[in-house]
Amino acid sequence: MSVKLNIISMQITANTPEEYIKQLPEERKDAINKLRKAINNNIPSGFEETMNYGMIGWVIPHSIYPDGYHCKPETPLPFLNIASQKNHIAVYHMGIYTDSKLLEWFIDAFKKQSKLKLDIGKSCIRFKKPEHIPYDIIGELVSKLTAEQWISLYEHKHKNRHKNK
């Protein structure tokens with residue numbers, strides 16, 4: 001599957017994480033490579049690296065979770081993405097969006113290591129400068145949820161959201 005992505009006003013078409021990185025601006029390649037390494041060295045088994053939503057992603061494949069993502073069941077269940085956006089490097093971690101204790105842990109860990117203000121959205125952690133990325137904390141963050149825990153958390157949050165509508 002070929003994916004097109006606009007980054008820093010350039011068109012990137014990537015089928016693999018390697019192709020994605022190869023086409024990044026030089027000043028972003030090292031940071032994305034380091035992030036990818038920190039994630040791959042720490043992510044529990046059961047997650048699969050792929051291109052997902054035009055970004056490098058880690059998903060739970062259909063072989064483990066056949067239901068897929070509720071918004072688009074033919075898509076594997078997303079967990080984590082990294083991307084070089086126009087003004088920042090982003091880490092999209094679905095666990096911090098759904099697990100308030102995990103979010104609190106990350107915020108505390110970041111504050112202990114950095115004097116910078118954390119730039120964070122619901123699931124998006126943004127770093128304006130590559131040298132501000134706390135690779136060790138990102139590595140630890142991805143290690144905190146197993147594939148089984150993520151599926152359970154996802155199902156619990158998804159089913160409760162639909163029950164309350």
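What follows is a short chat about the sheet, salt bridges and rings of a predicted model.

Biologist: What kind of model is this, and which pLDDT limits apply?
Modeller: The model is predicted; local features need pLDDT of at least 70, side-chain atom pairs count only at pLDDT 80 or more, and totals for chains, interfaces and linings use all residues. Residues are numbered from 1 along each chain as its sequence is written, and side-chain values use heavy atoms, with hydrogens and water left out.

Biologist: Start with the sheet. In what order do the strands come?
Modeller: The order is 3-4-5-6-8-7, in an open sheet of 6 strands with antiparallel pairing. Strands here are DSSP runs of E, at least two residues, and helices are runs of H or I, at least four residues, both numbered from the N terminus. Two strands pair if DSSP finds at least two bridges between them.

Biologist: Which strands are at the edges?
Modeller: Strand 3 and strand 7 (119–120), each of which pairs on one side only.

Biologist: And which helix packs on the sheet?
Modeller: Helix 5 (residues 135–143) does, touching strand 5 (77–84), strand 6 and strand 8. Touching means contact, that is, heavy atoms within 4.5 Å. The direction of helix 5 makes about 20 degrees with that of strand 6; axes are lines fitted to C-alpha atoms, for helices over the stretch in contact, and angles run from 0 to 180 degrees between N-to-C directions.

Biologist: How many bridges join strand 6 to strand 8?
Modeller: There are 4, between residues 89–93 and residues 124–127, running antiparallel. Val91 stands opposite Ile125 of strand 8.

Biologist: What about strand 3 and strand 4, how are they connected?
Modeller: They form a hairpin with 2 residues between them, and Tyr53 in the turn has a positive phi of about 55 degrees. Strand 3 (residues 48–52) and strand 4 (residues 55–60) run antiparallel and are joined by 5 bridges. Glu49 has Trp58 in strand 4 as its bridge partner.

Biologist: Glu49 is charged. Which residues share a salt-bridge network with Glu49?
Modeller: Glu18 and Arg36 are linked with Glu49 in that network. A salt bridge is a side-chain nitrogen of Lys or Arg within 4 Å of a carboxyl oxygen of Asp or Glu. The whole structure has 7 salt bridges.

Biologist: Helix 2 next. Which residue does Glu26 bridge to?
Modeller: Lys29, with the closest N and O atoms 2.8 Å apart. Both lie in helix 2 (residues 26–42), 3 residues apart, about one turn of the helix.

Biologist: Is Lys29 buried or exposed?
Modeller: Lys29 counts as buried because its relative accessibility is 19%, whereas Glu26, at 60%, counts as exposed. Buried means under 20% relative accessible area, exposed over 50%, and partly exposed in between (1.4 Å probe, protein chains only).

Biologist: What does Asp30 pair with?
Modeller: Asp30 forms a salt bridge with Lys34, the closest N and O atoms being 3.2 Å apart. They are separated by about one helical turn because they are 4 residues apart in helix 2. Asp30 is partly exposed at 45%, and Lys34 is partly exposed at 41%.

Biologist: Changing topic: what does the charged end of Lys144 sit over?
Modeller: The ring of Trp105, 4.5 Å from its centre. The criterion is NZ of Lys or CZ of Arg within 6 Å of the ring centre and within 35 degrees of the ring normal. Lys144 also forms a salt bridge with Glu140, the closest N and O atoms being 3.8 Å apart.
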